[in-house]
Every structure is written in structure tokens, then in C-alpha cells.
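Q: Please take a close look at the empty space inside this model and at what lines it. I am a first-year student, so a slow and connected account would help me most.

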Amino acid sequence: MSEENLTLAEVHEVADPMRVIQEKLRACMQCGTCTGSCANSFAMDYTPRQLWRMVQLGLTDELFNSKTFSLCSSCYYCTLRCPRGLPLTETIHALKQLAVAKGIAEKKGARFYQTFLDTVRRYGRVREMELMARYFMIMKSPMLPLSFTPLGMRLMIKGKVSPEMPKFFGPGKMDAIFRKVKELEASS
Amino acid sequence: MKYFYYSGCSLEGTALEYNISTQAVMQALGIELIELEDWTCCGASAAETLSELLSMVLPARNLALAARMDQDCDFLIPCSACYLNLRKVDEHLGSDEGLLEKINEVLNEEELSYQGGIKSRHLLDVLATDIGPEMIKAKVKRELSGLRIAPYYGCQALRPYGGYDDPEQPSCMEPLIEALGAEVHPWRMGAKCCGAGLMTTKKEVAIELTSALLKAAKGADCIATVCPMCQMNLDSYQKQVSKTGGENLSISVLYLPQLIGMAFGLGEEDLKLGLNMAYTDSLKAKLAEYRVGITHQ
């Protein structure tokens with residue numbers, strides 16, 4: 001069987017995540033409806049339409065160096081309007097997952113989400129103040145917390161967040177679930 | 001009418017007033033909310049950027065908690081991101097054959113399982129479809145006449161999974177606002193993005209988006225929201241947006257159930273109006289007048 005004739009299920013078996021993404025976008029005809037619908041394309045280096053073309057052509061270096069997918073705010077306008085019915089927002093998420101797996105994800109976004117999930121693993125729920133505290137510690141940037149200080153202070157005055165100190169050691173509430181997910185993903 | 005109530009993490013913290021006011025309004029309407037003990041985070045927008053399976057397992061865990069409660073009802077979810085995530089599970093089960101098995105293999109770690117079939121509904125859908133403007137109007141004690149409200153739907157309450165309203169030009173909030181005796185601010189920004197999580201990671205981009213929304217809301221007394229993320233982006237950065245835009249763009253931003261509660265005659269404390277970041281003096285004065293109306297009735 002030639003590579004061209006692989007079904008989506010067979011591509012999954014090959015287990016190359018980039019191939020799965022390419023397969024999903026094969027029907028993209030470059031009409032640009034996604035770009036015209038994107039809330040954030042004004043700030044991107046490559047437009048969404050250009051990004052899909054880079055996926056199709058396998059230009060992975062250019063792709064992962066672009067700021068485009070870290071600027072997606074998941075508004076789902078492109079998914080809604082795509083005349084081919086392609087799952088474009090989900091494709092962005094898949095690219096973000098791949099960037100993290102390859103260790104090339106944009107630092108700020110990836111670390112924020114990693115920190116987020118770490119508080120979920122530990123407590124089951126997100127504690128907003130702790131999330132931000134951990135994020136600042138990981139980013140090690142003295143200016144970053146300052147830019148959020150006025151909001152943090154106002155939230156504290158309103159009693160919406162409590163200045164709890166994060167716990168860094170000991171078992172987490174959702175350790176078993178996170179461990180099992182990792183195990184299954186490693187074996188697939 | 002009864003629903004499983006999934007408040008989600010934000011409604012325990014920065015969006016506490018959304019939680020309290022939703023419960024107060026539902027109580028006034030005689031609707032039973034069944035809280036799930038031991039519910040956990042839905043994964044928000046974080047899980048989907050790191051692991052596909054985790055982004056399914058986290059919401060599915062909550063559906064599994066409901067499944068073992070032997071109650072035949074839908075989920076009612078006020079947070080748009082939670083709504084998207086919980087609904088996503090069932091939306092994917094049909095097209096992904098091995099998914100349910102994988103989810104259950106993980107959930108088995110906590111002796112939980114899910115077989116699909118529980119409906120996840122956004123608060124706005126329940127208000128507009130199940131309850132409806134007539135039932136709301138019947139509970140109004142003091143019409144919010146003279147109040148002009150800009151209905152803001154945001155993204156994930158409508159897209160990709162809606163079904164109860166037009167995902168581009170939504171209008172289901174309008175009859176609800178009119179049922180309160182208030183006026184709808186005519187604008188075409190109701191379904192536009194507020195910038196969501198970019199406010200944390202790409203602030204300058206998100207500020208552009210909120211700025212466009214606040215400008216279009218000029219002329220309204222307040223914006224009504226149905227999402228804690230939209231609320232936060234619209235109400236917490238008004239000073240910065242005004243500075244960048246070179247004009248005063250401050251406006252009150254209230255959660256829809258807070259406005260419904262005001263018309264029902266509930267007190268500021270019942271609706272936690274004091275917790276909103278953007279609650280202008282002019283709106284405060286207007287709402288105080290309505291309350292005077294109630295006591296004199």
C-alpha cells in the first residue's frame with residue numbers, strides 16, 4: 001500500500017502525531033476564511049491559512065518557530081466557518097501539544113498551562129492565587145509579577161483570592177489519574 | 001426542574017458573585033440544583049494544549065460522578081470553558097471508537113466509569129430555552145426600566161457547540177433582558193472574542209480585543225456576561241484599556257443572573273454586587289432607585 005492511501009486509523013497506528021495533523025488538514029483548499037475570521041490574526045507573523053499550508057508541506061521548523069498558534073484564543077470562529085468543516089481550533093491544540101512534546105513550545109504559554117495542570121493534579125481544583133504564584137516562580141522574571149500586582153491587590157481586597165502559600169511536596173489528589181494518562185499515552 | 005450543578009473553579013474564586021447569583025436566581029425560580037460532591041477541574045484551556053487524553057478524562061470524571069447518582073437530569077454549567085469541556089466528551093464519543101474505553105481505563109483508578117449520554121448545558125441555554133422569558137417575567141418584582149444592557153455572549157458558550165442560538169449573531173439574551181423591563185443595547189459585538197487566556201500570556205493582544213468591545217458598549221449602562229473569563233477581561237482592565245485608547249471606557253459589567261436577581265427584588269448581598277470590579281456609581285444609583293421602588297410597593 002502506498003503512503004498516500006493510508007486511512008486516518010492507519011496513520012494513527014504509524015503514531016507520528018504530525019502525520020495525523022497533516023491528514024486532518026489534507027482537505028484545506030487555502031480559501032482563507034479562517035484568517036478572515038480570526039480575532040488575533042492582526043498580531044500573528046503567519047496567518048492561520050499560511051499555517052495550514054506549512055503543515056501540509058511539512059515545514060515543521062517554520063511552523064514551530066511561528067507565533068501563530070500561541071496567539072489562538074480558542075474563539076472557534078475558524079472552526080465554525082471553515083467551508084471544508086475542518087477541526088481547525090483542535091488542530092491548533094494538537095500543534096501546541098506537539099510543541100510541548102518536542103520541548104520547543106513557547107515558554108510563557110506552555111509554562112502557564114503546565115503550572116495550571118500541576119495545581120489541578122495536586123488539589124483537584126485550581127486555586128487561582130496559587131496558580132499565579134507558581135507561574136511567577138517558574139518564569140523567574142521580576143517584572144512579570146509586577147504587571148499583575150494591581151489586579152491581584154484589587155482581587156485580594158474584594159476577598160476573591162486568598163494569599164495561600166503553595167505546597168510543593170506530598171501526594172496530590174489526582175496523582176493516580178495523571179499517572180495513568182501518562183502511562184496510556186506512552187504506550188499508544 | 002432540576003439539574004446537576006457544576007460551578008467550576010473560577011466560580012469559587014474570582015467569579016464568586018456569578019456562583020452566588022446563579023444559585024439565588026435558580027432558587028427564586030424554584031429550580032433544584034444538585035451539587036456534585038468532590039467535583040474537580042474540567043481542564044480549562046490548559047489540558048487540551050498538553051494532552052488530548054487528559055483533556056477528555058478531566059471533564060469525564062465529573063460526568064462519571066453524576067452518572068453514579070441515579071438522577072435523570074442535565075448538567076447546568078455557568079462557565080463557558082467548563083461547558084465546552086464537559087460537552088466535548090460526549091461530542092467526541094460518537095466519532096472516536098476507542099475513546100470511551102481509554103477514558104474508563106483511567107477513571108478506573110478512582111473506581112469511576114462513564115458510559116456517555118449525560119447532557120451538558122450552559123446556564124444561558126437553560127435560562128433561554130428551559131426557563132424562558134415568560135417564566136422570568138412572572139417573577140419580576142421591579143422592572144429595570146430605563147436600564148440599557150449590552151448582551152455579551154463571548155465565544156465558548158456558542159462555539160463550537162451551541163445549538164440553542166445562532167453562533168455568529170446570537171440573540172437569545174435579548175428577550176430575557178426585555179423580560180426584566182430593561183432595554184437591549186444594539187451592537188454586533190455579542191459573539192466576539194474578549195482575548196480569553198491571552199490576557200495572561202499576550203496581554204497587549206487581548207487588550208486590543210477588550211478595547212474594541214468596551215468602545216462598542218458606549219451608550220449602554222452595563223454589559224451582561226455569562227462567562228467568568230469574559231467578565232474578568234472586560235471588568236478588570238478598564239483603566240489600562242482606557243489609557244491605551246485615550247478615552248474613558250469604564251462601564252459596569254455584571255453577570256446576567258445578577259441583573260435577573262435585581263429585577264426579582266433580591267438584595268445586593270444575595271447577588272454579591274460588591275464583588276464586581278466594574279460597578280460604576282451611576283449604575284449603583286440607578287439600581288438603588290429600583291430598590292426604593294420595591295419597598296414602597
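A: A definition is needed before we begin: Ala, Val, Leu, Ile, Met, Phe, Trp, Tyr, Cys and Pro count here as nonpolar, Asp, Glu, Lys and Arg count as charged, and the others, with Gly among them, count as polar. It should also be said that this is a predicted model.

Let us start with the empty space itself. Rolling a probe the size of a water molecule over the atoms shows where such space is left. In this structure there are three cavities of 30 Å³ or more, and the largest cavity has a volume of about 150 Å³. Its lining is made up of 16 residues, and those that lie nearest the centre of the largest cavity are A:Cys38, A:Met44, A:Pro48, A:Cys72 and A:Cys78. When the residues of this lining are sorted by class, twelve are nonpolar and four are polar, while no charged residue is found among them.

Which helix gives the most to the lining of the largest cavity? That is helix 7 of chain A, which supplies three residues. Helix 4, which runs over 48–57, and helix 7 of chain A each supply at least two residues of the lining.

The second largest cavity has a volume of about 80 Å³. It is lined by 13 residues, of which A:Cys28, A:Met29, A:Cys31, A:Cys82 and A:Pro83 are the closest to its centre. By class, the lining of the second largest cavity holds nine nonpolar residues, three polar ones and one charged residue.

We can now return to helix 7 of chain A, which spans residues 88–101, and ask what it packs against. It packs with helix 2 of chain A, residues 17–24, at an angle of about 165°, and the two axes are 10 Å apart. Because angles over 145 degrees count as roughly antiparallel, helix 2 of chain A is roughly antiparallel to helix 7 of chain A. The crossing of helix 2 and helix 7 of chain A is left-handed. On the side of helix 2 of chain A, the contact is made by A:Pro17, A:Met18 and A:Ile21, and on the side of helix 7 of chain A by A:Thr91, A:Ala94, A:Leu95 and A:Leu98. Sorted by class, the residues of this contact of helix 2 with helix 7 are six nonpolar and one polar, with no charged residue.

Another feature of chain A concerns its backbone. A:Tyr76 is found in the loop between helix 5 (60–65) and helix 6 (77–81) of chain A. Most residues other than glycine have a negative phi, whereas A:Tyr76, which is not a glycine, has a positive phi of about 65°.

For contrast, consider a contact between the chains. Helix 11 of chain A, residues 175–187, and helix 5 of chain B have axes that come within 8 Å and cross at roughly 140°. This angle makes helix 11 of chain A oblique to helix 5 of chain B, and the crossing of these two helices is right-handed. The residues that make the contact are A:Ile177, A:Lys180, A:Val181 and A:Leu184 of helix 11 of chain A, together with B:Lys102, B:Glu105, B:Val106 and B:Leu107 of helix 5 of chain B. In the contact of helix 11 of chain A with helix 5 of chain B, five residues are nonpolar, none is polar and three are charged.

To draw the main part together, the lining of the largest cavity includes no charged residue, and neither does the contact of helix 2 with helix 7 of chain A.

Note on methods
Residues are numbered from 1 along each chain as its sequence is written. Chains are lettered from A and ligands numbered from 1 in the order in which they are written. This is a predicted model: local features need pLDDT of at least 70, side-chain atom pairs count only at pLDDT 80 or more; totals for chains, interfaces and linings use all residues. Side-chain values use heavy atoms; hydrogens and water are left out. Axes are lines fitted to C-alpha atoms, for helices over the stretch in contact, and angles run from 0 to 180 degrees between N-to-C directions. Helices (H or I, at least four residues) and strands (E, at least two) are DSSP runs, numbered from the N terminus. Angles under 35 degrees count as roughly parallel, over 145 as roughly antiparallel, 65 to 115 as roughly perpendicular and the rest as oblique. A crossing is left-handed if the near helix is turned anticlockwise from the far one by less than a right angle, and right-handed if clockwise. Contact means heavy atoms within 4.5 Å. On a 1 Å grid over the protein atoms alone, a cavity is a set of points where a 1.4 Å probe fits but cannot get out, and a pocket is an open set with protein on both sides within 12 Å along at least five of seven lines; lining residues have an atom within 4 Å of a point. Grid points are joined across faces, edges and corners, and a volume is the space filled by probe spheres set on the points.
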